[in-house]
Amino acid sequence: MGAAASTAAAVNRRVCAHRLFGEMPLGEGDTGGAPPAAGCEGIDVLPDGVLAHILGFLPAEEAVRTSVLARRWRHLWKSATSLHVVAADGHFLGSVEKLVEFMDRLLPLREGASLDTCNLHLGDFSSEVRWHYFQVSDAEEDVLCRIDAWFRQVAACRVRFLRLVVCCEKECGGCPEHALLDLPLVSRHLKRLELRGVRLGSSLLDFSSCPVLEHLVFEWCDLSDAASTISFRSLKHLNMTSCMLKWDSRICIDAPNLVSFRLDNFAQMTPMLESMPLLVDAFVNITRFCGDQCNQLWHEYCDCEFCVSSESIGDDNSSSVLLKGLSEAENLTLVSEPIMFIFRMDLRWCPTFSKLKNLLLNEYWCVPDDFHALACILEHSPLLEKLTLQLFSKGPAHKVQLKGSINPRLRCASISEHLKTVEVMCEVVDEWILKVLKFLRMFNLFHPSCFNISDLCHVRGNKKISCINRSEMLPLTVWIFCCRLLLLSRGARKSDLSWMNCMVEVNCNTFDIV
């Protein structure tokens with residue numbers, strides 16, 4: 001019985017778009033839904049506005065099918081407050097041709113009814129067909145030609161949240177970025193726009209005709225045709241993830257009202273940020289796809305114009321690329337591959353992070369025997385309350401977590417008096433980590449208070465470690481190092497700590513001094 005029901009459901013989903021709309025019993029003079037009939041029960045007792053809202057949670061094709069339920073339901077789907085068309089990974093009606101026919105009839109039949117949310121996810125339409133280069137069929141090309149029309153028809157429906165995805169892979173590198181028509185988008189109602197897998201020109205990136213747009217997301221988008229300056233005057237939230245930027249010049253981003261900003265895993269040249277006085281949260285991750293790499297990785301001398309070792313760098317702070325624009329943030333994450341020079345170059349004109357309270361840095365800022373980058377940003381953060389160093393550990397789970405507090409009596413005068421906590425997270429403890437801890441100790445920034453270290457050494461209950469092999473010496477060394485710092489901060493004399501070199505007690509994964 002269950003197999004038969006599943007087969008019937010599968011056959012039903014293959015109904016073509018023409019038949020889908022043909023099932024709708026349209027009567028002469030029917031212009032709207034009928035009111036609830038006397039004595040009705042269940043969902044039928046709800047008013048039309050509520051039912052239209054509920055239909056918005058269904059896939060578009062399922063919402064249309066409700067038109068055959070009863071006379072009252074004939075046109076309710078047209079007023080659905082949300083529209084979800086997912087035509088990828090085997091979803092929807094089963095073929096490219098059916099998608100085209102369905103969409104070409106769906107949007108006109110809605111007669112411009114207002115939308116709150118629209119999600120258009122257009123990718124592959126079967127397990128055999130993928131939108132790879134040189135593998136686009138005529139039917140799929142037909143879809144690509146219509147995407148712009150569907151996109152702008154939806155925008156004209158006073159939609160508030162619009163999401164367009166033109167790829168099916170996790171990474172759109174396997175799909176061609178579809179070039180949207182380079183004309184300005186006009187909408188006085190659009191508040192959130194998410195675009196994935198598309199190429200945008202300079203005119204489309206001009207959102208001055210969308211005065212209430214506040215949230216903008218670009219994922220796997222090609223922005224290489226953008227103008228030299230992109231202005232987002234109304235935006236409060238901007239997310240640029242895995243995007244292609246210009247290779248021959250820097251895009252200048254002017255978004256003075258941003259509250260949150262995310263720049264992650266972009267390709268080509270790093271964009272230049274203008275002032276963001278309202279910024280609260282900022283995340284920047286510079287990966288190997290960035291074009292701002294130091295030539296000293298391959299040559300003895302670096303003669304590139306913008307590199308930190310170049311003699312042609314200017315002296316004014318107008319040369320700052322990222323840090324000046326991020327200097328108003330309250331919560332800041334700065335992550336970079338070691339070969340990238342942007343942050344090191346910006347530190348030549350390091351601004352004051354006048355509002356910064358929480359700072360997360362990776363190993364880029366903690367080069368052994370040269371902690372200039374870390375010291376510089378700490379000295380320019382007068383209100384910093386928490387510092388997190390995430391060293392060679394992507395997270396979210398970390399095998400080693402060291403948490404330290406600050407002794408106000410021994411605090412370095414150049415470091416924020418508000419700094420309360422320093423956390424160090426890593427996968428393994430080696431000499432690099434020990435040097436970082438020693439550097440923090442020089443500034444009196446690390447007085448250990450808690451150490452959560454998993455897989456550090458073999459422990460049985462609360463027993464003493466009686467035998468330590470060579471592989472366990474380094475983890476044990478860092479634990480002894482932290483314990484010594486803690487006792488010294490509490491007034492112990494160095495001569496009283498000799499016992500720590502021969503005996504240590506542990507308490508499972510949380511290490512405490514006994």
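Start with β4 and strand β6 (residues 198–201): in this predicted model the two run parallel and are joined by 2 bridges. If you want a residue to anchor that pairing, take H178, whose bridge partner in β6 is V198. Zoom out a little and β4 and β6 turn out to belong to an open sheet of 3 strands, ordered β4-β6-β8, with parallel pairing. β4 (178–179) and β8 (222–225) each have a single partner strand and stand at the edges, so one side of each has no neighbour in the sheet. As background, strands in a sheet pair through backbone hydrogen bonds, in either a parallel or an antiparallel way.

Now move over to strand β5 (residues 192–196). What does β5 pair with? On one hand there's strand β3 (residues 161–165), which runs parallel to β5 and is joined to it by 5 bridges. Here V165 sits opposite R196 of β5. On the other hand there's strand β7 (residues 215–219), again parallel to β5 and again linked over 5 bridges. For that pairing, look at R192, which stands opposite H215 in β7. β5 is also mostly covered, with 4 of its 5 residues buried.

Next stop: the loop between α7 (323–326) and β15 (331–336), which is where you'll find S327. Is S327 buried or exposed? Its relative accessible area is 8%, and the cut-off for buried is under 20%, so S327 counts as buried. The side chain of S327 reaches back to the backbone oxygen of K324, at 2.8 Å. Leaving aside residues up to four places away in sequence, S327 touches P351, T352, F353 and S354.

Finally, the cysteines. How many disulfides does a search of the whole structure find? The count is 0. A disulfide would need two cysteine sulfur atoms within 2.5 Å, and a couple of cysteines show how that plays out. For C157, the closest cysteine sulfur belongs to C118 and lies 8.2 Å away, so it is too far for a bond. C376 has its closest cysteine sulfur in C350, at 3.8 Å, and that is also too far for a bond. Neither example is out in the open: C157 is buried at 7% relative accessibility, and C376 is buried with a relative accessible area of 8%.

Conventions: Residues are numbered from 1 along each chain as its sequence is written. This is a predicted model: local features need pLDDT of at least 70, side-chain atom pairs count only at pLDDT 80 or more; totals for chains, interfaces and linings use all residues. Side-chain values use heavy atoms; hydrogens and water are left out. Two strands pair if DSSP finds at least two bridges between them. Buried means under 20% relative accessible area, exposed over 50%, partly exposed in between (1.4 Å probe, protein chains only). A polar contact is a pair of N or O atoms within 3.5 Å; within protein, one must be able to donate a hydrogen and the other to accept it, and residues adjacent in sequence count only if both atoms are side-chain atoms. Contact means heavy atoms within 4.5 Å.
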